[in-house]
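Colleague: Before any calculations are set up, I should like a close look at one part of this model. Please begin with a single ion pair and then place that pair in its wider setting.

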Amino acid sequence: MDLNTKRATAPSQEEVAQAVKRYEERTGQRFAPRAVFFDMDGVLFNSMPNHATSWVQTAHHFGLDMTPEEAYMHEGRTGADTINILMQRQWGRPATMAEIDDVYAEKCRLFNACPTAGKMTGADAVLARVKAAGRTICVVTGSGQRSLLERLETGYPGYFAPERIVSSKDVTQGKPKPEPYLRALDKTGLLPHEAIVIENAPLGVTAGVAAGIFTVAVNTGPLPDSALTEPGADLLFPSMALLADGIEGILSQGA
Ligand code: MG
């Protein structure tokens with residue numbers, strides 16, 4: 001991959017201030033973040049390589065075409081939505097409920113057979129600084145896999161209360177629709193300008209922006225930065241470790 005397609009440094013404090021100004025002009029609201037909504041795969045856990053591998057293997061098992069890059073581009077969709085898109089493209093019809101169940105079961109089986117994904121480097125520090133700043137922490141994920149949801153509590157104990165987790169089971173329309181992030185606003189009783197979204201996926205950025213929330217992209221995968229900035233990310237960081245250095249500067253913008 002051309003390294004020029006990915007920035008290597010964190011945005012400066014001046015760039016952060018400009019991004020907040022653009023957000024306020026776009027929404028007509030005063031940015032005042034009281035909560036941070038974290039996506040899970042590719043943000044808290046380095047689980048996307050396992051997801052991409054298991055999606056591609058599953059698709060091929062059922063006679064469907066899929067590349068690893070496509071798996072990254074579909075990240076954030078519910079399993080049912082991804083399966084429907086693959087079948088519609090290949091066979092010209094949506095998947096039946098039984099097919100969705102079969103394909104998603106195989107995807108979960110292969111994913112669960114992968115080596116356990118580690119925590120994303122720097123995520124602990126981001127969470128610690130958000131908590132120390134007195135902000136509410138939520139997780140908003142397209143995943144409904146119990147194995148990953150259980151890992152939240154073991155990997156990041158004390159950060160994610162069950163009532164502040166939004167999973168695929170809580171929504172009728174997953175990312176890129178705004179519904180998952182709107183559910184998080186419901187659960188916290190906040191308005192869009194009172195939250196920040198942290199996302200690594202193009203469709204997740206689309207969902208956060210569509211919910212009217214200040215959306216920070218963290219490019220932890222193989223896609224070029226443009227895959228995250230074109231859907232409208234307000235800021236882009238190259239890693240969670242660099243976001244850990246920058247998160248207080250974002251939160252203080254609304255202070
Ligand atoms: Mg993600």
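**The Lys-21 and Glu-25 pair and its setting**

Modeller: In this predicted model, Lys-21 and Glu-25 are joined by a salt bridge, with their closest N and O atoms 3.4 Å apart. Both residues belong to helix H1 (residues 13-27), where they stand four residues apart, about one turn of the helix. Lys-21 and Glu-25 are both exposed.

The count of salt bridges comes to 15, and two others may be set beside this pair. Lys-119 forms one with Asp-124, the closest N and O atoms being 2.7 Å apart. Lys-119 counts as partly exposed because its relative accessibility is 33%, and Asp-124 is likewise classed as partly exposed, at 37%. Another salt bridge brings together the side chains of Asp-170 and Lys-187, at 3.9 Å from N to O. Asp-170 lies in the loop between strand S3 (165-166) and helix H8 (179-188), whereas Lys-187 is in helix H8, so this pair ties together parts that are 17 residues apart in sequence. Asp-170 has a relative accessibility of 31% and therefore counts as partly exposed; Lys-187 is also partly exposed, with a relative accessible area of 36%. In addition, Asp-39, Lys-175 and Glu-199 are joined into one network by salt bridges that share partners.

Asp-39 leads on to the metal site. The magnesium ion has as its protein donors Asp-39 (OD), Asp-41 (O), Glu-75 (OE) and Asn-200 (OD1), which lie 1.9 to 2.2 Å from the ion. Along the sequence, these donor residues follow the spacing D-x1-D-x33-E-x124-N. Distant parts of the chain are linked by the pair Asp-41 and Asn-200, which are 159 residues apart: Asp-41 is in the loop between strand S1 (35-38) and helix H2 (48-61), and Asn-200 is in the loop between strand S4 (195-199) and helix H9 (202-210). Asp-41 and Asn-200 are both buried.

Helix H1, which holds the opening pair, may also be approached through Phe-214. This residue is found in strand S5 (residues 214-218). Phe-214 is classed as buried because its relative accessible area is 0%, the cut-off for that class being under 20%. Apart from neighbours within four places in sequence, the contacts of Phe-214 include Ala-19, Val-20 and Tyr-23. Its other partners are Phe-31, Ala-195, Ile-196, Val-197, Asp-234, Leu-235 and Ile-250. By contrast, the C-alpha atoms of Phe-214 and Pro-115 are separated by 34 Å, with their positions 99 residues apart along the chain.

The cysteines complete the account. The number of disulfides comes to zero. Cys-114 is in no disulfide, and the nearest cysteine sulfur, that of Cys-108, is 11 Å away. A pair of cysteine sulfur atoms must lie within 2.5 Å to be counted as a disulfide, so a separation of 11 Å does not qualify. Cys-114 is buried, with a relative accessible area of 17%. Cys-138 also counts as buried, at 1% relative accessibility.

Notes:
Residues numbered from 1 in each chain as written. Predicted model: local features only at pLDDT ≥ 70, side-chain atom pairs only at ≥ 80, totals over all residues. Heavy atoms only, no water. Donors = N, O, S within 2.8 Å, 3.2 Å for Na, K, Ca; no water. Helix = DSSP H or I, 4+ residues; strand = E, 2+ residues; numbered from the N terminus. Buried < 20%, exposed > 50% of the residue type's maximum accessible area, 1.4 Å probe, protein only. Contact = heavy atoms within 4.5 Å. Salt bridge = Lys/Arg side-chain N within 4 Å of Asp/Glu carboxyl O.
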